[in-house]
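Biologist: I'd love to go through this structure with you, one question at a time. Shall we put it on the screen and begin?

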Amino acid sequence: MRLVVLTGAGMSAESGVPTFRDALTGLWARFDPERLATPEAFRRDPDLVWGWYRWRAAQVQRVQPNAGHAAIAAMERDGIEVDVVTQNVDDLHERAGSTRVHHLHGHLLQSRCIDCGATAEPDPIVAPYEGGDEGRHEAPPRCARCSGLFRPGVVWFGEALPDDAWSAGISALERADGVVVVGTSGLVHPAASLPGLARWRGLHVLEINPQTSALTHDVDEHWAMTASAGLTRLAEELRSA
Ligand code: OAD
């Protein structure tokens with residue numbers, strides 16, 4: 001059996017990583033994406049943007065995968081071919097043991113030169129972080145090769161998705177027997193178009209989300225459960241099927 005699990009920020013919420021659009025706790029309720037998550041924002045104030053992503057990188061390194069991440073990895077160990085197609089920039093799927101993870105929105109824990117693409121070892125984005133709770137201005141390091149500024153390895157609004165992750169996601173969908181959508185509001189395209197594409201191909205789409213989302217009207221099944229509860233149940237059901 002082949003499964004595609006499409007995950008969003010709700011997947012990591014129970015690990016302690018805030019989502020983007022949940023009222024009150026979502027990052028975009030407290031911070032302005034125009035000032036932090038666009039190429040223009042980085043050009044305007046690189047210290048603000050670098051400092052904010054350094055804070056988020058430190059936060060992700062402190063937390064652990066939750067029972068939902070573990071359940072997906074367990075499905076793979078049980079013999080199901082699982083491709084995780086994630087909008088998340090953390091590494092919690094990998095740390096839980098999933099081996100085929102495609103990051104549509106890049107990697108928070110990797111940075112590179114904005115001009116020549118060079119990386120550095122160790123990666124400066126994961127250097128020990130002394131800043132406060134919500135990020136503080138911190139100058140991004142300069143590239144040893146071309147002296148360009150280092151930027152976080154995430155996809156910002158207005159940027160294209162990485163080709164390799166997108167193609168891997170599409171080809172996984174083409175092979176899949178079913179799709180599970182977990183913890184996404186379904187508002188950010190092109191990732192949000194994948195469940196519709198799956199249904200168009202005749203695949204069964206199950207959504208796991210305690211709330212309804214922009215996708216709920218177009219899925220076959222909606223389990224109003226958290227990622228950890230829903231995925232644990234799904235792994236058990238598949239094991240005993
Ligand atoms: P959102 O913050 O838009 O949506 C999070 C979803 O998770 C909501 O539908 C919640 O109901 C749901 N949720 C909350 N807690 C949950 C839990 N414990 N279990 C399951 N679901 C839960 O996050 P995304 O849809 O991932 O882009 O956002 C998409 C993109 O917008 C992100 O990748 C990011 C952001 O701007 C970039 O960084 C490029």
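**A buried arginine, a helix pair and some unusual bonds**

Modeller: Happily! R54 is buried, with a relative accessible area of 4%. Please keep in mind that this is a predicted model.

Biologist: Which backbone oxygen does the side chain of R54 reach?

Modeller: Let's begin with the setting: R54 lies in helix α5, residues 46–62. Beyond its neighbours up to four places away in sequence, R54 touches P124, I125, V126, A127, P128, Y129 and E138. One of these residues supplies the oxygen, and at 2.6 Å from the R54 side chain the partner is the backbone oxygen of A127.

Biologist: Now to the helices. Are α6 and α10 roughly parallel or roughly antiparallel?

Modeller: Helix α6 covers residues 67–77 and helix α10 residues 227–239, and their axes come within 7 Å. The axes cross at roughly 20°. Angles under 35 degrees count as roughly parallel, so α6 and α10 are roughly parallel.

Biologist: And what is the handedness of the crossing where α6 passes α10?

Modeller: The angle of roughly 20° does not settle that on its own, since it gives only the size of the turn between N-to-C directions. Handedness depends on which way the near helix is turned from the far one. For α6 passing α10, the crossing is left-handed.

Biologist: How do the residues of the contact of α6 with α10 divide into nonpolar, polar and charged?

Modeller: From α6 come A67, G68, A71, I72, A74 and M75. They meet A227, S228, L231, T232, L234, A235, L238 and R239 of α10. Counting Gly among the polar residues, the contact divides into 10 nonpolar, 3 polar and 1 charged.

Biologist: How many of the 11 residues of α6 are buried?

Modeller: The buried residues of α6 are G68, H69, A71, I72, A73, A74, M75 and E76. They pack against β1 (2–7), α1 (10–13), β2 (81–86), α7 (92–96) and α10. The helix is largely enclosed by the rest of the structure, because the number of its residues that are buried is 8.

Biologist: Which residue caps the N-terminal end of α6?

Modeller: Look for a side-chain oxygen that lies 2.7 Å from the backbone nitrogen of G68. The residue that provides this oxygen, and so caps the N-terminal end of α6, is N66.

Biologist: Which residue with a positive phi follows α6?

Modeller: Past the end of α6 there is a phi near 105°. The residue with this positive value is G79.

Biologist: Where is the cis peptide bond with omega near -5°?

Modeller: Most peptide bonds are trans. There is a cis bond leading into P122, a residue of the loop between β4 (106–113) and β5 (150–154). Another cis bond joins H189 and P190, with omega about 10°, and P190 is in the loop between β6 (178–182) and α9 (194–200). The bond with omega near -5° runs from E121 to P122.

Biologist: Is L24 buried or exposed?

Modeller: L24 is found in the loop between α1 and α2 (27–30), and its phi is positive, near 75°. Its relative accessibility is 76%, and the cut-off for exposed is over 50%, so L24 counts as exposed.

Biologist: S147 also has a positive phi. What is its relative accessible area?

Modeller: S147 is not a glycine, yet its phi is about 60°. Its place is in the loop between β4 and β5. S147 is partly exposed, with a relative accessible area of 42%.

Biologist: How far apart are the C-alpha atoms of W223 and R145?

Modeller: W223 has its place in strand β8, residues 221–223, and is buried, with a relative accessible area of 8%. Leaving aside neighbours within four places in sequence, its contacts are L206, E207, I208, N209, G230, R233, L234 and E237. R145 is 78 residues away along the chain, and the C-alpha separation is 51 Å.

Biologist: Last one: which backbone nitrogen does the side chain of T38 reach?

Modeller: T38 is found in the loop between α3 (33–36) and α4 (39–44), and counts as buried at 10% relative accessibility. Outside its neighbours within four places in sequence, T38 is in contact with P33, W156 and F157. At 2.9 Å, its side chain reaches the backbone nitrogen of A41.

Note on methods. Residues numbered from 1 in each chain as written. Predicted model: local features only at pLDDT ≥ 70, side-chain atom pairs only at ≥ 80, totals over all residues. Heavy atoms only, no water. Axes fitted to C-alpha atoms, helices over the stretch in contact; angles between N-to-C directions. Helix = DSSP H or I, 4+ residues; strand = E, 2+ residues; numbered from the N terminus. Parallel < 35°, antiparallel > 145°, perpendicular 65-115°, else oblique. Contact = heavy atoms within 4.5 Å. Buried < 20%, exposed > 50% of the residue type's maximum accessible area, 1.4 Å probe, protein only. Polar contact = N/O pair within 3.5 Å; in protein donor to acceptor, adjacent residues only side chain to side chain.
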